[in-house]
Amino acid sequence: EARCRRNMVDDALNIRGLKRYAVDQAGDVPQPKRAKATGKSVAIIGGGPGGLSAAYYLALMGHKVTVYEKQKALGGMMRYGIPSYRFPREKLDQEINSILSLGITVHTEVDVGKDIQFEQLRGQYDSIYISIGAHTDKKTGIPGEESPGVVSAVEMLRAIGDNEMPDFTGKKIVVIGGGNVAIDAAISARLLGAESVFMCCLEDREHMPAFEHNITDALERGIVLHPALGPVRVEGAEGRVSAVEFKACTALFDEQGSFAPRFDEARRERFEADSVIFAIGQSGDFADIASGVEMNGPRIAVSG
């Protein structure tokens with residue numbers, strides 16, 4: 001939409017809005033006809049967008065497909081990373097049920113590498129597709145990061161995905177991060193009753209990685225942005241968070257373009273907080289799933 005040629009005349013076509021309207025009005029769409037059974041079986045580790053998409057097309061090809069999902073429900077980041085205010089759960093469930101109607105077998109709350117071993121799956125299936133996504137949060141290493149009242153956006157949004165809503169009523173929340181996940185965490189905290197939500201990030205306002213329309217949405221909901229700040233420490237009292245100290249970030253990259261933040265140690269900011277939410281990035285963790293397995297082998301496909 002940002003590249004729509006109509007921008008040369010006035011404004012872009014509302015491509016996303018048109019797609020949304022089409023989906024809302026489509027009703028039940030008949031499934032394509034499945035190919036003749038091949039007799040082959042595939043195990044898919046991960047029931048998020050990648051895993052479910054693979055399951056759908058593999059089932060259409062005639063293969064027998066089984067999905068193993070670690071969480072209570074399928075959907076991956078569509079359920080455990082994107083809040084329901086952005087993607088209604090009933091729409092997500094409709095999409096998933098449509099995929100599963102092809103006869104796909106599902107095992108939820110199964111942690112491959114712990115509840116069942118990877119080698120067991122290799123012995124049971126003709127092929128394995130790993131699609132575990134990026135559900136592991138990243139740390140900064142600053143003092144106080146492990147204090148009670150400090151959570152990652154990954155943990156928070158995962159709990160919300162299971163309808164375990166944190167109580168932020170009347171609390172002061174500080175969100176650290178400037179991306180779309182940080183925006184989702186900040187807005188979710190606001191919707192869950194937070195008195196105030198401050199969002200602090202290394203980038204200046206112009207270079208925040210979150211989409212501009214998401215930033216606008218956050219501002220309209222009363223979230224306060226404090227760009228160009230890097231966290232120094234999380235302060236606590238009586239075992240709970242009390243404040244976060246920041247220092248001014250003067251540059252993000254060095255002369256070679258590598259990420260190397262520089263700071264003005266003399267310019268400090270301090271914000272009181274009842275809870276701190278870190279949203280500074282995510283990664284995938286393959287260690288438990290396929291320890292010792294050659295990940296680019298001919299019988300293993302990886303999607304993350």
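These legends describe close-up views of a predicted model.

**View 1. An open sheet of 5 strands is built with parallel pairing.**
The strand order is 6-13-7-8-9. Strand 6 (150-152) and strand 9 (224-226) stand at the edges. Each edge strand has a single partner, so one of its sides is left without a neighbour in the sheet. From one strand to the next, the twist averages 20 degrees. Helix 6 (residues 153-161) packs on this sheet. There it touches strand 6 and strand 13 (275-278). The direction of helix 6 makes about 75 degrees with that of strand 6.

**View 2. Strand 8 runs parallel to strand 9.**
Strand 8 covers residues 196-200. It is joined to strand 9 by 3 bridges. Look for Phe198: its opposite residue in strand 9 is Val224.

**View 3. The largest nonpolar core has 25 residues.**
Ile173, Val175, Val197, Met199 and Ile277 have the most contacts inside this core. Several elements give two or more residues to it: helix 6, strand 7 (172-176), helix 7 (180-191), strand 8 and helix 8 (212-220). Helix 7 supplies the largest share, 6 residues. Now pick out Val175. Leaving aside residues up to four places away in sequence, Val175 touches Ala182, Ala186, Val197, Phe198, Met199, Cys200 and Ile277. A second core, separate from this one, has 17 residues. Among them are Ala54, Ala59, Val67 and Ile99.

**View 4. Ala186 is a buried residue of helix 7.**
Its relative accessibility is 0%, and under 20% counts as buried, so Ala186 falls in that class. Which residues does Ala186 contact, apart from its neighbours within four places in sequence? They are Val175, Val197, Met199 and Ile223. Lys70 is 116 residues from Ala186 in sequence. In space, their C-alpha atoms are 26 Å apart.

**View 5. Cys201 is buried, and its sulfur has no bonding partner within reach.**
The closest cysteine sulfur belongs to Cys200, 7.7 Å away. A disulfide needs two sulfur atoms within 2.5 Å, so this pair is too far apart for a bond. The whole structure holds 0 disulfides. Cys201 has 3% relative accessibility. Cys4 is also buried, at 16%.

**View 6. Helix 1 (residues 15-26) lies largely in the open.**
How many of its 12 residues are buried? The number is 0, so helix 1 is largely in the open. Its length can be checked too. At 1.5 Å a residue, helix 1 should span 16 Å. Its end C-alpha atoms are 16 Å apart, which agrees. Gly27 follows helix 1 and has a positive phi, near 70 degrees.

**View 7. Glu109 and Ala228 have positive phi values.**
Most residues other than glycine have a negative phi. In Glu109, phi is positive, near 55 degrees. Glu109 sits in the loop between strand 3 (105-107) and helix 5 (118-124). Is Glu109 buried or exposed? It is exposed, with a relative accessible area of 52%. In Ala228, phi is near 60 degrees, again a positive value in a residue other than glycine. Ala228 lies in the loop between strand 9 and strand 10 (229-237). At 21% relative accessibility, Ala228 counts as partly exposed.

Conventions: Residues numbered from 1 in each chain as written. Predicted model: local features only at pLDDT ≥ 70, side-chain atom pairs only at ≥ 80, totals over all residues. Heavy atoms only, no water. Pairing = 2+ DSSP bridges. Helix = DSSP H or I, 4+ residues; strand = E, 2+ residues; numbered from the N terminus. Axes fitted to C-alpha atoms, helices over the stretch in contact; angles between N-to-C directions. Contact = heavy atoms within 4.5 Å. Buried < 20%, exposed > 50% of the residue type's maximum accessible area, 1.4 Å probe, protein only. Core = buried A, V, L, I, M, F, W, Y, C linked by side-chain atoms within 4.5 Å. Expected span 1.5 Å × (residues − 1).
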